[in-house]
Structure formats: C-alpha cells, structure tokens
Amino acid sequence: MMLPGCTPWPEDLAAYYRSQQVWQGVALGDLPSEWAARYGDATALVWHDERISYRDLAIRVARTAAGFARHGIQPGDRVVLQLPNTPDFVVVAFAMFKAGVKAVFSLASHRSNEVGHLSDTSGAVGYVGPNHDIAHGLRIKHVLSPEDLDGTPVAHPEIDPSDVAFFLLSGGTTALPKLIPRTHDDYAYQTRTVADLCQVTSDDVYLAALPVEFNFTWGCPGVIGTLHQGGTVVLADDPGADDCFALIAREKVTVTSVVPTVAHLWLEAREYLDDDLSSLRLMQIGGARLQPELAARIEPELGCRLQQVFGMAEGLLSMSRLDDPAERVIATQGRPVSPFDEIQIVDGELLARGPYTLRGYYNAPEHNAKAFTPDGFYKTGDLASVTPDGDLVIEGRIKDVVIRGGDKIAAGEVEGHLLAHPDVDRAAVVPVPDEFLGERIYAFLVSRHGRPSLPELKRSLHERGLADFKLPDRVEFVDAFPLTPLGKVDKKVLAAAAADPMTARDWKERS
Ligand code: AMP
C-alpha cells in the first residue's frame, strides 16, 4: 500500500513489473546490512579524511534508525532532510528508509520559503539539518541534527517495498516545487539498471560533485548505484575544479556526474590545473542542455568518456551508451535506460511512463489532472524528437522554467515574490541565453509607481526567504507586456526581447 496522497501504478501493471523481476521487493533500508555482509571492510564513503567502511556504514544506519524511534517519529511520518554532501546525508537517508520515515529531500541551498513549503505540503513532523532557526520558525515538532539521532539498534516494522521511500522535488513547472514520491521498488530498479548500463563494479570510485540530494547524484547510478556494486563514493563539498580535481587524483575517481556549467568550468580549469585525472573513465553530463561544441571537448581534453544524460526527478532517464559512436554521444541524449520505459512524442512534447516514472505528485490532485494523460503518461514539458538511430534529442521546452546552470527555477515562483514588492504591479520571468550558465533569470516588470533597482529587488526577495539561486540576474521595467491572441502574456516575445536588447519594447495591451 502506498502512502495516502500518492498515486499507485495500476495493479495489473504492478503485477507485471514484479513478474518480470523489475520490482524485486527490496526495501532500500535493508541494503546497508546486505552490502556490509558482501563488501565488509571495503571503503563505502570518503569525505575529507574520513573513510567509512561498509560495515561501519551499516552500523551507523542502524543506530540512526533507532534514533527516529527514540524521538517518537513513527513509520509513515514525513521528515525534511536538509544536509550538505557529507556521510551524514547518506546515513540519515538510509536510516529513514529503514525506519519507514519518509524523507523529503530539501536542497542544501533552500531557505525559509522553500523549507516552509516542503514542510507544509508534506505535513512534516521533523527536520534534520543545520538550519534549526528556520525549522523552529515553522513550528516543526522535532528539529534535529544527525548527532541527536544516535540510539541502540532496535527492530523496525516491516517495510512495504511498493511504498514511498522518499520524496524528490520537481524542477518546478508551477509556482512551488511538487513532491515526487519514489518507492523502494522503483528506485532500487532505477539505480540497478543505470549501474549496469554504466558498467559500475567494485573497482569504481564515484565522485559526488553535485549536491547529493539531486536525483542525478543520488541514483543515476550515483551514490546508491555505486554502493550497490561495492564501489566507493567520494563526497565533494562543492563542484569547483580545485577541490574536485584534487579528489579525482587522490582517490583515483573513475566516474562522476556534472551539469554542463560545471563541465565548462572544469575544461577551463584544465588549462592551469594539472592534477592527474587519468583514473577517470566516465563523465556523465546532464540536467540541462549540453552544447555539442562543449560535448566534443570532453573526451580529448579530460581524457574520459562522455555520457549524455537527460533525466528528471520524476523518473524517465535517457542516456547515451558507453559503446555509442562519438558523433551520437555528442549530438543526442541517448535512449531510455529501461526496456520497460514507454515514451511518446505528442505535438512535440515528450510523454513518459514506466516502472520508475511517477503516476502522480504527492497530494496534488488538481495539478496531476493536468500533468498526466488519462492513461498515466507524465507530460514532461520538454520538446523532443527522435533521430533515425532512435536517439532522443531534447529541442527545448514548453514548461515555464529557467534552467540556470543545473538549477531549475519556476518562473511563477519568482514572479509571485516580485509581485509582493509594493512597487511591482506585474512581473514576467523568462530565461535569457547565457554562454556560461546556459540561461539566466530575466524579469520584465511593470510599475505605476517607483522603479526599484535590481539590488533592492534582490534584497527584498532575499528577505522573503527565497533561495539565492532563484534571484533575478536582470530586471527591466516596461510600460506593458506583449500579449498572445488569447490575451495571455506572450513569454516567447519577452524571451526574444530579453535576448536582444535592440528589439523595440513598444508593446501595447488591449484594455
Ligand atoms: P530535474 O527533475 O530537476 O532533474 O529537471 C528535469 C528537467 O531538466 C528536464 O525535464 C529537462 O527540462 C531538463 N534536462 C535534464 N537533462 C537535460 C538534458 N540533457 N538536456 C536538456 N534538458 C535537460
């Protein structure tokens, strides 16, 4: 049984996935002790000069799981988890899976606005992380740090593998992030499938360069896929080249995953940093469009294979394969990772369904009615085509999102906060192309009063508790917005104008 508020897969399909061994009935919280039995003293996690064996990881998970019970946090309760890239993140997340507590993965960069939203939508009873002042301000009952959770291991009620293990966050097609339920069964399948496809073995060393709470880092194959194969996960504090290159050289990292902006930074840094990167065999790049010119530089300049990854926290993952010819790897986003993935392209939009793609956001019936087709396909909001070789090419998107670096920013959310400023009457946020970040956030504003400066607007949004990565990079005041024939703000026209300052802004609105 899935947690109430979640949409299960149809029963006959679930039975089919089980009969095909896609869903194997594995509870994620049982994995650390299975891994400990298999890999024992091998190193599971490395962070700074801390090295944690599989055996110690299992012990820490068991003790931390007991901590939840000791605080009276019950199976089924939701708890917001907000930790940076540390062993504690891995330990606490698996402890929650084991205790049946549903983790809501907040981004480390989130502030009061986002944590408040996550805690409200999930009905969280607890918070684990460093920002206790935020959580206390939200009146969350149990405000904890990882060290508060130590306890003597206890027996936990049995976990239903078809139930939700944790919630990822949507990249935001609407104003605020939606919660994506990921089940034990579906996530175990995803990580296993991608680990196989990337040929991960116990000899691999995976560098978690991006935030660990991203689906990309956590399970594509990422942390879980690497641990499942008995490899080692190295946690970087941030994706900067200085730190990451030093870690690659020191730990002989073999696989990593980054967004295009980070790949670009690394290529530039290669000109002055000569750390030994020869251990690196595979660099996965995804989360935003990778320019073919940048893609073509990876193998010659970093000396490792490139894998393009198009994916989403909602599920569907498409990847180039390790033996694909270079021109396909450079120019396409590969193919869905599972033979059970079903995709359709309808009016240019990619739709997806399958054993690890959600059937509904948590507690969001109205949004779900729009975000899914009646037969359960998730409408990705991405525009795609398929090449004659069968590879997906992501051409653009129809959803109202700015992708800045790898961060997804819902235009509607920023607009809402801008409108709270007394001098902003109307706001329309659009992406503007940027060589380095891919896109930046451009806000067109209409005001009948004063015209606040960009720093003043940023300050006001910051004071509202909005995460810094969502602050506009540019604002421009105009007299009126361009409208579509249906009378909606024409964001295509605005985006084109943002990209070309010479375009006339002589828009008129009918009254
Ligand atoms: P998230 O769930 O935060 O990973 O965001 C998923 C969205 O990121 C997708 O729906 C796409 O819009 C975008 N995206 C991810 N990977 C790629 C890629 N390789 N190329 C273009 N867009 C991408």
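Reader: Is Glu 439 buried or exposed?
Author: In this predicted model, Glu 439 has a relative accessible area of 16%. Burial requires a value under 20%. Because 16% meets that condition, Glu 439 is buried.

Reader: Which residue forms a salt bridge with Glu 439?
Author: A salt bridge calls for a side-chain nitrogen of Lys or Arg within 4 Å of a carboxyl oxygen of Asp or Glu. For Glu 439, the closest N and O atoms of such a pair are 2.4 Å apart. The partner in this salt bridge is Arg 397.

Reader: How many residues apart in sequence are the parts that Arg 397 and Glu 439 tie together?
Author: Arg 397 belongs to strand β19, whereas Glu 439 belongs to strand β23, which covers residues 438-446. The pair therefore ties together parts whose separation in sequence is 42 residues.

Reader: Is Arg 397 buried, partly exposed or exposed?
Author: The relative accessible area of Arg 397 is 23%. Buried residues fall under 20% and exposed ones over 50%. Since 23% lies in between, Arg 397 is partly exposed.

Reader: What is the N to O distance in the salt bridge of Asp 391 and Arg 328?
Author: The side chains of these two residues, Asp 391 and Arg 328, meet in a salt bridge. Asp 391 is in the loop between β18 (378-386) and β19 (392-397), and Arg 328 is in helix α13 (residues 326-331), so the pair joins parts 63 residues apart in sequence. Asp 391 is buried, at 0% relative accessibility. From N to O, the distance between Asp 391 and Arg 328 is 2.7 Å.

Reader: Which residues are linked with Arg 328 and Asp 391 in a network of salt bridges?
Author: Arg 328 and Asp 391 form a salt bridge with each other. Both belong to a network of salt bridges, in which they are linked with Asp 324, Arg 335 and Asp 389.

Reader: Which residue forms a salt bridge with Arg 55?
Author: Arg 55 sits in helix α3 (residues 54-70), and its partner is 14 residues apart from it, in the loop between α2 (31-39) and β1 (43-47). Arg 55 is partly exposed at 41% relative accessible area. The closest N and O atoms of the pair are 3.1 Å apart, and the partner is Asp 41.

Reader: Which residues gather with Asp 237 in a patch of negative charge on the surface?
Author: Asp 237 is located in the loop between β10 (232-235) and α10 (241-251). Its relative accessible area is 44%, so Asp 237 is partly exposed. In the negative surface patch, Asp 237 is joined by Asp 238, Asp 242 and Asp 243.

Terms used:
Residues numbered from 1 in each chain as written. Predicted model: local features only at pLDDT ≥ 70, side-chain atom pairs only at ≥ 80, totals over all residues. Heavy atoms only, no water. Patch = residues over 30% accessible without salt bridge, like charges linked within 9 Å, V, L, I, M, F, W, Y side chains within 5 Å. Areas by Shrake-Rupley, 256 points an atom, 1.4 Å probe, with all protein chains shown as cover. Lys, Arg positive; Asp, Glu negative; His and termini not counted. Charge placed at Lys NZ, Arg CZ, Asp CG, Glu CD. Helix = DSSP H or I, 4+ residues; strand = E, 2+ residues; numbered from the N terminus. Buried < 20%, exposed > 50% of the residue type's maximum accessible area, 1.4 Å probe, protein only.
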